[in-house]
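User: Please take a close look at a single part of this model, the second largest pocket, and tell me which residues and elements line the space.

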Amino acid sequence: MSSTHEVLNQAPPRVDLDEYSTNPALTEAVERHGAGWSAEHLAEVGSLVGQADFQRDAELANTHPPVFAGHDRWGNRVDAVEFHPAYHRISAAAIAHGAHTSCWAEPRPGAHVARAAAFMLFAQVEPGHACPVSMTHAVVPSLRAAPELADVWLPKVFSRDYDPELRDPATKSSAVFGMAMTEKQGGSDVRANTTRAVDAGDGTWRLTGHKWFCSAPQSDAFLVLAQTGTGLSCFLVPRVLPGGDRNVFRIQRLKDKLGNRSNASSEIELEDTVGWLVGEEGRGVRAIIEMVGQTRLDCVLGSAAGMRQAVAEAAWHTRHRRAFGATLIDQPAMTAVVADLQLEAEAATWTALRVAAAYDSEDAESVAFRRLATPVAKYWICKRGPHHAYEALECLGGNGYTEAFPLARRYREQPVMAVWEGSGNVIALDVLRALAREPESVAAVDEEVVSALGRHRAFDAHVQATRALIGRVQADPGSAPQHARRVVEALALALQGAVLIREAPAAVADAFVSARLGADRSLEYGALDPGLDLAAIAARA
């Protein structure tokens, strides 16, 4: 081989690592929030997703995205979605390791935290499959509102088998769920939906309408919102009916998306489609509201997982690359960037698992805390994801901008978390509703925040300013929407600061307060106070 093609000064592949045990923020947060008993299992998952063949499957699932097949070779309508085998291997592994419903199937203290960590590890390497995994997890509270349906479907949802074939539910040991709520004329305003449901008189309903976004249309069943005579209602719609006949579930097309390529998102048409009522007629939003909360939390988990992938890849490259006479990571400008990226990832991880821990208890304080903390965390962490991915990508230089490395895919992926289950204004307005109508949730988050007072002057000042801002919004509801984003950002930073001050290593907490809340606050990565122990923070990446 010509000497001009000798490969020098390139980082080796970042493979065959335990992605759990090498992530100090995740391991510490899991232990702190009562899920230390799951460490061995999570290390097993971490080693699995760190393997070269698993990462190759993640690449294949995205470079060979799902394909819609409307009809079979003889002209019969099948409305099928065909996936590369790599997608099925990844999905099977995630379900086998309980990343979907282990916290419901095997409840114990810390179960939601353990499940959240497993979900994050799989989503870190391949995020597209996490969509149906998340929805299958989130459907459980809604199904429990319909005991007869729960008896049929929950054992399948709890199963760790993975069977992608669509057939009679009675012949399957497992099931994956999706949802179909939004319509082209309403989007997040689901009360504007026009899909209609008519009582068939036999315990089922017949649904007719169009859904603009239906995630994972290959799923076994879906929760669907439709209008009845008494208002918006929730229905369980299976792809295959008892006995084996296909339900009417016409896939119009797969969405051509910016990212999330391995996951099939679609438009669908329903026409006299059979469904079963979930919860009370006319109370559809109430039936799915807990599902929405769970999927919003998974958006936070997914964004935090993406941040971990981004900073880990950036740190790996800079530790193995030399320029201008020194390893990149040892050069002060790069040390500051990697440290700042790690700060963001740590704040996201610690906050995400703190919120997940609130789902491990049904006491009034935990319920109130998660009501407000979930949308607050969802808004801010998911907003920070895309720029974080970009900055990490830049650390790799030209390599990061190519499809041969995972950060180009991650950069395209991160925005979906901010859009899915409510984009910025929808989430911010939901926070305003909680501030106005649910004072117990405000008190619960405030108690969390004030528990960290007295250790950092900048944090204390931020909390005082945030409380004043909330007070102004509550006193003048008419002008509140104009300040919604400021309120949510302030709350999110206060919550992240409190969690880090109380739980994270001092170097991390000190740097976060300085970088995000101090007088020199900057959202530009790398603009950190040089007096901080940046090398110690970067070493955690």
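Analyst: The second largest pocket is lined by 25 residues, and those nearest its centre are Arg-14, Gln-55, Glu-313, Ala-404 and Pro-406. A pocket here is an open set of points on a 1 Å grid over the protein atoms alone, where a 1.4 Å probe fits, with protein on both sides within 12 Å along at least five of seven lines, and a lining residue has an atom within 4 Å of a point. The model is predicted, and totals for linings use all residues, whereas local features need pLDDT of at least 70 and side-chain atom pairs count only at pLDDT 80 or more. Residues are numbered from 1 along each chain as its sequence is written, and side-chain values use heavy atoms, with hydrogens and water left out.

The volume of this pocket is about 490 Å³, taken as the space filled by probe spheres set on the points, which are joined across faces, edges and corners. Two or more lining residues come from each of helix 3, helix 6, helix 10 (284–320) and helix 13, the helices being DSSP runs of H or I with at least four residues, numbered from the N terminus. Helix 3 gives the most, with five residues.

Helix 3 (residues 52–63) has twelve residues, which at 1.5 Å a residue should span 16 Å, and this agrees with its end C-alpha atoms, 16 Å apart; the expected span is 1.5 Å times one less than the number of residues. Its buried residues (under 20% relative accessible area, 1.4 Å probe, protein chains only) include Phe-54, Asp-57 and Leu-60.

Methods: Buried means under 20% relative accessible area, exposed over 50%, partly exposed in between (1.4 Å probe, protein chains only).
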